[in-house]
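Please look through the sequence and the model below before reading on. The text then goes from the whole chain to one pair of helices.

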Amino acid sequence: MPEDRETVPARRTGLASAAGTAGLLAVATLANYLAWLGWDRQKDVLPDGSTTGPYQPWQVAGVALGLGVLAAVAGWRRHPAIGAAAVSLTMTVCWSVAAATSDDSGLWAVGALLVLAGTSLGTGAVAALTARFRRGGH
């Protein structure tokens, strides 16, 4: 069945909007990561000689809040799946680069999978709920 002349431009506009949203959210996710976590590489040595870090709880809470806001933007722009994917993948790549360059054990890969799972679930839920709220659904 041939497409009418109105369908093709509408589809192109929707695709351009989704791509623009994904790009915007990827850049914003990178900025969010750098602002909260990207600058901190210092591990803390505890009195018993063990180390923690490099991130403090307030930094993790800040980056998570920022990711939630970005996911809400994705839902508000009516691209919850693409937006959540862009945010999750960008956050995972950012975290993985930092972890892989500072980990000698190779366990960073396990952490990367956990970051991907956690950000996908969290941003997906926030984006979907925001999109539903914008549509007026209950």
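What follows describes the chain as a whole and then one helix packing.

The model is a predicted one. Its protein chain contains four helices and two strands. From the start of the sequence to its end, these elements come in the order α-β-β-α-α-α. A helix therefore opens the pattern, the two strands follow, and three helices close it.

The protein chain has 138 residues, and 30% of them count as buried. The surface that the chain exposes comes to about 8,700 Å², with 69% of that area supplied by carbon and sulfur atoms. Among contacts with a separation of 6 or more, 64% join residues that lie 24 or more positions apart.

Two packed helices are described by the angle between their axes and the distance between the axes. Here the pair is helix α2, residues 57-76, and helix α3, residues 80-100. Their axes come within 7 Å and cross at roughly 155 degrees. Angles over 145 degrees count as roughly antiparallel, so α2 is roughly antiparallel to α3. The crossing of the two helices is right-handed.

Which residues meet where α2 and α3 pack? On the α2 side they are V63, L67, L70, A74 and G75. On the α3 side they are P80, G83, A84, V87 and M91. Sorted by character, the residues of this contact comprise eight nonpolar and two polar ones, with no charged residue. The two polar entries are G75 and G83, because Gly is counted as polar.

Methods:
Residues are numbered from 1 along each chain as its sequence is written. This is a predicted model: local features need pLDDT of at least 70, side-chain atom pairs count only at pLDDT 80 or more; totals for chains, interfaces and linings use all residues. Side-chain values use heavy atoms; hydrogens and water are left out. Buried means under 20% relative accessible area, exposed over 50%, partly exposed in between (1.4 Å probe, protein chains only). Contact means heavy atoms within 4.5 Å. Accessible areas come from the Shrake-Rupley method with a 1.4 Å probe; for residues, only the protein chains shown count as cover. Axes are lines fitted to C-alpha atoms, for helices over the stretch in contact, and angles run from 0 to 180 degrees between N-to-C directions. Angles under 35 degrees count as roughly parallel, over 145 as roughly antiparallel, 65 to 115 as roughly perpendicular and the rest as oblique. A crossing is left-handed if the near helix is turned anticlockwise from the far one by less than a right angle, and right-handed if clockwise.
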